[in-house]
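I set out to record what I looked up in this structure, entry by entry. The entries begin with bonded cysteines and go on to helices and single residues.

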Amino acid sequence: MRRRAAEFRRPVRRRVSYWIWLFIALSSILGLFLFLLQNHHYHDPDDFPSLEKNARVEHFARESLNFTEEITSVKSFSRQLAEQMTLAKAYVVIAKEHNNLHLAWQLSKKIRGCQLLLSKTAMTGEPVTQEEAEPIIKSLSALIFKAQDIHYDIATTIVTMKSHIQALEERANAATVQSTVFGQVAAEALPKSLHCLIVKLMTDWLKKPSLQELSYERKNSLRLVDNNLYHFCIFSDNVLATSVVVNSSVSSADHPKQLVFHIVTDGVNYGAMQAWFLSNDFKGATIEVQDIDEFRWLNASYSPIVKQLLNPDSRAFYFGAYQDVNVQPKMQNPKYLSLLNHLRFYIPEIYPQLEKVVFLDDDIVVQKDLTPLFSLDLHGNVNGAVETCLEAFHRYYKYLNFSNPIISSKFDPQACAWAFGMNIFDLVAWRKANVTGRYHYWQEQNADGTLWKLGTLPPALLCFYGLTEPLDRRWHALGLGYDLNIDNRLIESAAVVHFNGNMKPWLKLAIARYKPLWDRYINQSHPYLQDCVTS
């Protein structure tokens, strides 16, 4: 009988151990996640420090302890303390449920000791020593053993563990949502240093008539319509980001004087953009800046997107004080309400005399000469782009609503998606295929937002369906605005690296590993930039 009882107890104890250690694992992961979330403050975007201060902070960070690595290292005392503390918390609950308040108090006291020691480690950057950890670990182990010995009610223990695992999962989900919202808010904000730069440049534009005269002289340059040159277009309201795109392009080009950049911005940033590009030399490249407000033809009677963007319901969705918590935060990003973001569908009408254009987003950095793009054979297609369907996610069915027959009857759900941000467009083929007309058709069909939810890529997948030529993957590397683990070889071999995602290189959210790729093309000795980052 005793042997049978022992044999019975062993698997039961194994079941209890399973739930306990599952609880420990989940608790440890959540605890680390919440700790990092609480300590990763999303400061006011106006609080952008000087470049010198950033350098000092980065230097200090390299020298001090990485608490994340410390608490996840199997050899560290911090991890042992965290695991003991997590297990003790579980037995505090069980002890209270059994009305053993004295044991619960003893465990809680030791837990507080663990918390104080871990907090000290996080604040000072010094690892927990064996002398500090050993007394706490020994006394806590004794109490845990005592708790295990007293509370042998297996059913109660398992139920308690299950309930706490569920509570941990709910807290983890809530923390993830909160982190996403904070990240989105930070990504949408305009840094104070960038706002300062715009103000200084706008002041120059208004106070220096010579700049406006120079702008008028260059407006009618024949180089702007010369198809023997290499034409690039950028649509942006970010002066510094646009400058990096232009500067990196000319720095990587074999013959920068043959490059022509066509920049379109909004009325608010037009003066600042003009002042910046007229006051700085970009290795002899030709640069044109236009104001989107001057495109009188782009109105609600012609463009469905203009009509939709003027709709009060659309504006309330993006700018309303009370936003729907059931909608993903990225779907309420006001950039999707920006006409600049949709201007890429009107390139042939903006530049009626051009035959080929490379479209560049303002969050890219050019690393190699892009002029060979113009000699690529697109085989009669309109759009040359890098495909992104190496992973299953980037296929048509992920972007479009295939439950709607208007989509399912015309498109293959497994068709490969491609990247916007670095595209070569054959404008002759564009006009022949009437791609802009296709865009208007699909925008009208999606007036109620049932075919796709956000952005310019879904309508582009429809408009350029059957008209896209796949490019070598090395032309365009994506993900530097969200992916921490991009292969260095992919980055180094790419002609263009794209900071798509919320972690833009001009924000504090930027991924530190990739930020130098962007920083190297900023003239940090420029007096305006120095003034703005130190003021």
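The entries below follow the order in which I looked things up.

**Entry 1. The model**

I note at the start that this is a predicted model. I therefore treat the values below as computed from a prediction.

**Entry 2. Disulfides**

I first asked how many disulfides there are. I counted two disulfides, taking a pair of cysteine sulfur atoms within 2.5 Å as the rule.

The first pair I looked up is Cys196 and Cys532, whose S to S distance is 2.2 Å. The torsion about the S-S bond is -75°, and the link of Cys196 and Cys532 is left-handed. I then looked up where the two partners lie: Cys196 is in helix α8 (residues 192-207) and Cys532 is in helix α23 (residues 527-534), so the disulfide ties together parts that are 336 residues apart in sequence. Is Cys196 buried or exposed? Cys196 has a relative accessibility of 16%, so I enter Cys196 as buried, the cut-off for buried being under 20%. Cys532 has a relative accessibility of 3% and also counts as buried.

The second pair is Cys389 and Cys416, with sulfur atoms 1.8 Å apart. Here the torsion about the S-S bond is about -100°, so I record this disulfide as left-handed. Cys389 sits in the loop between β6 (383-385) and α16 (396-399), while Cys416 sits in the loop between α17 (405-408) and β7 (422-426). The two are 27 residues apart, and the pair links distant parts of the chain. I found both Cys389 and Cys416 buried.

Which pairing results when the bonded cysteines are numbered in sequence order? I wrote down 1-4, 2-3.

I also looked up two further cysteines. Cys233 is buried at 1% relative accessibility, and Cys463 is buried with a relative accessible area of 0%.

**Entry 3. Helix α8**

I returned to the helix that holds Cys196. Helix α8 has 16 residues, which at 1.5 Å a residue should span 22 Å; the C-alpha atoms at its ends are 22 Å apart, so the expectation agrees with the model. I then listed the buried residues of α8: Ser193, Leu194, Cys196, Leu197, Ile198, Leu201, Asp204 and Trp205. For reading such a list I keep in mind that an α-helix has 3.6 residues a turn, so residues three or four places apart point the same way.

**Entry 4. α8 against α9**

At what angle do α8 and α9 pack? I noted an angle of about 80°, with the axes 5 Å apart. The two helices, α8 and α9, are therefore roughly perpendicular. On the α8 side the contact is made by Asp204, Trp205, Leu206 and Lys207, and on the α9 side by Pro209, Leu211, Gln212 and Ser215. I sorted the residues of this contact into four nonpolar, two polar and two charged.

**Entry 5. α9 against α11**

Next I looked up helix α9 (residues 209-219) with helix α11 (residues 270-279). Their axes come within 10 Å and cross at roughly 80°, so I enter α9 and α11 as roughly perpendicular to each other. From α9, the residues Leu211, Leu214, Ser215 and Arg218 meet Tyr270, Gln274, Ala275, Phe277, Leu278 and Ser279 of α11. By class, I recorded six nonpolar, three polar and one charged residues in the contact of α9 with α11.

**Entry 6. Positive phi**

Most residues other than glycine have a negative phi. I looked up two residues with a positive value.

Lys283 is not a glycine, yet its phi is positive, about 55°. Lys283 lies in the loop between α11 and β3 (286-291) and is partly exposed, with 45% relative accessibility.

His379, likewise not a glycine, has a positive phi of about 55°. I found His379 in the loop between β5 (364-366) and β6. At a relative accessible area of 56%, His379 counts as exposed.

**Entry 7. Asn423**

My last entry concerns Asn423, a residue of strand β7. Its relative accessible area is 0%, so Asn423 is buried. Which residues does Asn423 touch, not counting residues up to four places away in sequence? I listed Val357, Val358, Phe359, Asn383, Gly384, Ala385 and Trp418. I also noted that the C-alpha atoms of Asn423 and Thr468 are separated by 10.0 Å, the two residues being 45 residues apart along the chain.

Terms used. Residues are numbered from 1 along each chain as its sequence is written. This is a predicted model: local features need pLDDT of at least 70, side-chain atom pairs count only at pLDDT 80 or more; totals for chains, interfaces and linings use all residues. Side-chain values use heavy atoms; hydrogens and water are left out. Helices (H or I, at least four residues) and strands (E, at least two) are DSSP runs, numbered from the N terminus. Buried means under 20% relative accessible area, exposed over 50%, partly exposed in between (1.4 Å probe, protein chains only). The expected span of a helix is 1.5 Å times one less than its number of residues. Axes are lines fitted to C-alpha atoms, for helices over the stretch in contact, and angles run from 0 to 180 degrees between N-to-C directions. Angles under 35 degrees count as roughly parallel, over 145 as roughly antiparallel, 65 to 115 as roughly perpendicular and the rest as oblique. Contact means heavy atoms within 4.5 Å. Ala, Val, Leu, Ile, Met, Phe, Trp, Tyr, Cys and Pro count as nonpolar, Asp, Glu, Lys and Arg as charged, and the others, Gly among them, as polar.
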